[in-house]
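Trainee: I have a model open on my screen and would like to learn how to read it. Could you walk me through it, one feature at a time?

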Amino acid sequence: MIADLKPYAEYRKSGLPWLGQVPGHWEVKKLREVARVVNGFPFDSRRFSLSHGYPLIRIRDLDKNRTAANYSGKFVEAAKVLPGDLLIGMDGDFNVGTWRGGEPALLNQRMCRVEATTPDATHFLRYVLPRTLLEINELTYATTVKHLSSGQVERIQFGSPPPAEQAAIVRFLDWANGRLERAIRAKRKVIVLLGEQKQAIIHRAVTRGLDPSVPLKPSGIPWLGDIPQHWETPLNQRVFREEIRDHGDVPETQLSLSQRDGLIATKDMQERSLQTATYDNWKVTLPGDLVLNRFKAHLGVFFAATLRGIVSFHYGVFAPKRELCSKYFELLFHTAPYRTIYAGRSNGMTVGLQNLSNQNFYNVRCVLPPLAEQVAIVDETERETRTLNTATSRLEREIELLREYRTRLVADVVTGKLDVREAALHLPDEALPATVEDDADLNSDSDAIDEEADV
């Protein structure tokens, strides 16, 4: 059905360079002509990412925030956000999404709420605004952070079809999104299964070795059980020591931890890598070191260094006290039991941010085979998981292509490049997924670890 879509029969100039031509019967309108834009007001809020659902303050926490509590009840009532409301983030990468919080919240000045006259009109704006916001850089002002005012949001222009056609577009895109979301979720489930299979292979190898006939002994570690008789279980303190090597103002490659790629040059991070104004507190790491993010150790963010560079002060750099294969310990500390152990040993600071101190790291027992076995385990697990990694990468690429296709399809429909009126009349009745990703979510999964972010 999607493949059969055709352009409209007649077009005219829109007067907007980015939009080009629109169907002849469409109008070009400003947002304020079809909706009311409600801005929030200043108050302390720790996160403003619409994708992650923390751009606001909960109504029940209002009294705890002195700045927000100073505003009148009338103003607070006007800035209230209810589940399902359409919101726009006005800082940085402007995003659009539906508030999915389970309770009422209050708008921060970095957000605005868009109220259209009808549910169909609101839903149409939910589709059209992300495409429009990509084209309004000339409206923004900034030094380092781009920002939109609520007045600029009100002046956003877009192609507006008649109400009945908006409803048809919404119906078609909901249906198409539902089909694409089901395909994406099916692939994600397979990725999860492949990941579980990979973890099972690694867990067995790093805790039992490669020879099933070797004699075993009690490990003395409750969750571990028996281990090969000739293996050790020393404290981390006997295996690693922290190294704080001063770079001495010598230019070095800045390194960052990526959950997918390990310790890599920051310039090679695909997105959202950290930037810094000074390297005064940074330290040198060398190949063979074990590097961890102290605040993400409970997520298994331990990686063996394969190149020289500098890392920020919130990373821990641990050099081996004896000859060993640090890649083996990367695999070991990525296992679910060790992630649980480090979570219990970390001091919680806020959600998702828990500090693992040196002492708490040192006091954990590791599993230590002889060096030759460490190397063999690393080589064998890489061989056994190579096919799984290839399949996972292929599925991730397929998901990426589906997302790109969805973005292109939505853009073509809401800008009038494709006519969906006839298709919308013949759609089958299908239940939508419980949650369909909106455009604010397209660039970030809701997994526990952001695979591309500097972690």
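**Reading the model**

Mentor: Let's begin with a sheet: strands 15, 18 and 21 form an open one, in the order 15-18-21, with antiparallel pairing. Strands (E, at least two residues) and helices (H or I, at least four) are DSSP runs numbered from the N terminus, and two strands pair if DSSP finds at least two bridges between them. Strand 15 (245–246) and strand 21 (309–311) are the edges; each has a single partner strand, so one side of each is left without a neighbour in the sheet.

Mentor: Before we go on, this is a predicted model: local features need pLDDT of at least 70, side-chain atom pairs count only at pLDDT 80 or more, and totals for chains, interfaces and linings use all residues. Residues are numbered from 1 along each chain as its sequence is written, and side-chain values use heavy atoms, leaving out hydrogens and water.

Trainee: Over how many bridges do strand 15 and strand 18 pair?

Mentor: Strand 15 pairs with strand 18 (residues 283–285) over two bridges, in the antiparallel sense. Asp246 stands opposite Lys283 in strand 18.

Trainee: How do I read two packed helices?

Mentor: Packed helices are described by the angle between their axes and the distance between those axes. The axes are lines fitted to C-alpha atoms, for helices over the stretch in contact, and angles run from 0 to 180 degrees between N-to-C directions. Here, helix 6 (residues 163–208) packs with helix 7 (residues 326–334) at about 120 degrees, and their axes are 9 Å apart. Gln199, Ile202 and Val206 of helix 6 make the contact with Tyr328, Leu331, Leu332 and His334 of helix 7; contact means heavy atoms within 4.5 Å.

Trainee: Is helix 7 buried or exposed?

Mentor: Buried means under 20% relative accessible area, exposed over 50%, and partly exposed in between (1.4 Å probe, protein chains only). Eight of the nine residues of helix 7 are buried, so this helix is largely enclosed by the rest of the structure. Among them are Phe329, Glu330 and Phe333.

Trainee: Where is Trp18?

Mentor: Trp18 sits in the loop between strand 1 (11–13) and strand 2 (21–23). Trp18 is partly exposed, at 22% relative accessible area. Trp18 and Thr132 are 114 residues apart in sequence, yet 8.8 Å apart in space, C-alpha to C-alpha.

Trainee: And what does the chain as a whole contain?

Mentor: The chain has 11 helices and 24 strands. Of its 455 residues, 47% are buried.
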